[in-house]
Amino acid sequence: MSKTISGFSKLSKSKKIDWIVNTYFSNTEEAKQVLKQYWSNNEKLQQLHDEFIENTITNYYLPLGVAPNFLINNTIYTIPMAIEESSVVAAASKAAKFWLDRGGFKTKVISTTKIGQVHFMYYGDFNKLQSFFERVKSKLIKQAKPITKNMEARGGGILDIELRDKTEGIKGYYQLHASFETLDAMGANFINSCLEQFAETFKNEALLFDGFSEEEKQIQIVMSILSNYVPDCLVRAEVSCKVEDLNEDNSISAEDFANKFIQAVNIAEIEPYRAVTHNKGIMNGIDAVVLATGNDFRAVEAGVHAYASRNGKYSSLTHAKIEDGIFYFWMEIPLALGTVGGLTGLHPLVKLALELLRKPSAKELMQIVAVAGLAQNFAALRSLTTTGIQQGHMKMHLMNILNQFEASDNEKILLTDHFKTNTVTHSAVVKAIEKLRNGA
Ligand code: MEV
């Protein structure tokens, strides 16, 4: 059977599934069953999911967990996290509890500016382009008024538009580089609509500009799109306490722990191989909250990693130091988030997650998400520099291995108990299951 098809999107859901299972699966009934078991019995909810994207055949579940006890600027939060990795929520909860007793997390939004660009080609005299831009700038803003009116009434809108000469990189390449304040909206649609309007106005006005030759009037718009690089949409999160208060168990002194922790951060600051993994751990926390609150984690990922290389070398997002006997650990990251628009009012779990966070503004959400990232990094470095990561990780992974072997509830109880005092490795779990099942 042909593995390609035309008109697929026009088929009904059940016809789409029929085609997929008949084309790609030997056990068609089993494959259908796997897909169907994730359908919701609630027809309205299922329809909502069906209509989020094209060609929906089922729903893809991720666990939604919560990490309680986060003290952020003197307010307690329980943070929702959507993630599949076993140890992430446990680590966040542990870090939250640790800092709850040590003053909690302090955060601050530094800036909230977002960027969009109209990329265009012009092969004439730059001075003429500049005077055309100065002449047309107010019209660009005016003709976008139908799009910006509501946002402006709420205090946001277009902040500025600059003409940027990029001809050093590509002959004839220029930009309209625009900045925006989008308040509680992530603002992608708002920004892109404004940009497309700028492009239209810019192109049309060029045709009428007397200062241009006939050739110069032919400005070519290449594309109009927001940037997910948002170094001026920045939030800071930090924790601090007396070095001696870092002591939690007897395995390592507070001072040794603080020094080792700072060494680990310093390594991530100078060594890209380590920095990528270090920052990946931060993103474990960030993505989980971004996803739970219906935001675009790909946009956040792209922007954060670009920011991590802003000085020309990929580096750690977090920093740590000891000053006057105080341990400081902090991070500044760009986060373009929304708490209105997009999925936020549509997806029932996203609505619930935002309510759990007391319906935050976008600025408040930036701070909560940054804390989740910092907490995650703290938990990871704490394990890495003391017990090693595998001890906690494998404990959490135990349930995955047991499920892989279809352990019964009783087997799970017995084996979880057994591994409270034994080291979890894949082979040790397999052996223990076999032993239990063979009645040994
Ligand atoms: C695993 O998902 C994340 C860590 O590797 C992060 C780190 O190494 O800092 C534990």
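I took a salt bridge to be a side-chain nitrogen of Lys or Arg within 4 Å of a carboxyl oxygen of Asp or Glu, and with that rule I found zero salt bridges across the interface of domain 2 and domain 4. I noted that this is a predicted model, in which local features need pLDDT of at least 70 and side-chain atom pairs count only at pLDDT 80 or more, while totals for chains, interfaces and linings use all residues. Residues are numbered from 1 along each chain as its sequence is written, and side-chain values use heavy atoms, with hydrogens and water left out.

I next looked up the domains, whose bounds come from an automatic or database domain assignment: domain 1 (16–61), domain 2 (64–109 + 236–387), domain 3 (114–226) and domain 4 (393–437). The C-alpha centres of domain 2 and domain 4 are 30 Å apart, and four residues from each of these domains take part in the contact (heavy atoms within 4.5 Å).

For this interface I read a buried area of about 320 Å², with 59% from carbon and sulfur atoms; buried area is the accessible area (1.4 Å probe) that two parts lose on being put together, summed over both. On the domain 2 side, Ser86, Ser87 and Ala90 lose the most area to domain 4, together 89% of what that side buries.

Lastly I turned to the rings of Phe, Tyr and Trp (its six-membered ring), which pair if their centres lie within 6.5 Å, with planes under 30 degrees apart counted as stacked, over 60 as edge-to-face and the rest as tilted. The count is 25 aromatic pairs. The ring centres of Phe120 and Tyr174 lie 5.9 Å apart with planes at 25 degrees, so I entered this pair as stacked.
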